[in-house]
Amino acid sequence: MNWTSFDQFLHMGGYGLYVWGSYGVTLAVMLAEALMTRQRLRAAQRAANDALEADA
């Protein structure tokens with residue numbers, strides 16, 4: 001497709017809501033995954049540190 005204006009680009013020939021909505025959902029899922037992974041890593045590190053302190 002060839003767009004003559006930025007507004008046409010955003011509307012994507014009538015499919016803009018689907019296209020940009022898909023990008024938004026994908027971004028949200030990727031951010032949630034990164035945050036949850038960081039949370040699990042910190043919890044595992046705390047558990048490992050607690051186990052090491054209990055052995056000492």
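**Close-up 1. Arg40 and Glu33 join side chains in a salt bridge, at 3.7 Å from N to O.** What you're looking at is a predicted model. This pair is the one salt bridge that the structure holds. Side chains of opposite charge can pair when their charged atoms come close. Neither partner is tucked away under the 20% cut-off for buried residues: Arg40 has a relative accessible area of 49%, so it counts as partly exposed. Glu33 is partly exposed too, with a relative accessible area of 40%.

**Close-up 2. Five residues make up one aromatic cluster: Trp3, Phe6, Phe9, Trp20 and Tyr23.** How many aromatic pairs does the count come to? It comes to four. Take Phe9 and Trp20 as one to zoom in on: their ring centres sit 5.7 Å apart and their planes meet at 70°, so this pair is edge-to-face. The two rings come from distant parts of the chain, with Phe9 in helix H1, Trp20 in helix H2, and their positions eleven residues apart. As for how open they are, Phe9 is partly exposed at 28% relative accessibility. Trp20 is also partly exposed, at 35% relative accessibility.

**Close-up 3. Phe6, Leu10, Trp20 and Tyr23 make a nonpolar patch on the surface.** The patch covers about 450 Å². Which helices supply at least two residues each? They are helix H1, running over 6-11, and helix H2, running over 16-55. Trp20 belongs to helix H2, and you've already met this residue in the aromatic cluster. Phe6 and Tyr23 turn up in that cluster as well. Patch residues need over 30% relative accessible area, and Trp20 has 35%, which makes it partly exposed.

**Close-up 4. Met12 has a positive phi, near 50°.** Most residues other than glycine have a negative phi, and that's the reason to pause at this spot. Where is Met12 found? Look in the loop between H1 and H2. Is Met12 buried or exposed? With a relative accessible area of 15%, Met12 is buried, because that value falls under the 20% cut-off. So this view shows a loop residue that is not glycine and has a positive phi, and its relative accessible area puts it in the buried class.

Definitions and conventions. Residues are numbered from 1 along each chain as its sequence is written. This is a predicted model: local features need pLDDT of at least 70, side-chain atom pairs count only at pLDDT 80 or more; totals for chains, interfaces and linings use all residues. Side-chain values use heavy atoms; hydrogens and water are left out. Patches are made of residues with over 30% relative accessible area and no salt bridge: like charges are joined within 9 Å, nonpolar side chains (Val, Leu, Ile, Met, Phe, Trp, Tyr) within 5 Å. Accessible areas come from the Shrake-Rupley method with a 1.4 Å probe; for residues, only the protein chains shown count as cover. A salt bridge is a side-chain nitrogen of Lys or Arg within 4 Å of a carboxyl oxygen of Asp or Glu. Helices (H or I, at least four residues) and strands (E, at least two) are DSSP runs, numbered from the N terminus. Buried means under 20% relative accessible area, exposed over 50%, partly exposed in between (1.4 Å probe, protein chains only). Rings of Phe, Tyr and Trp (its six-membered ring) pair if their centres lie within 6.5 Å; planes under 30 degrees apart count as stacked, over 60 as edge-to-face and the rest as tilted.
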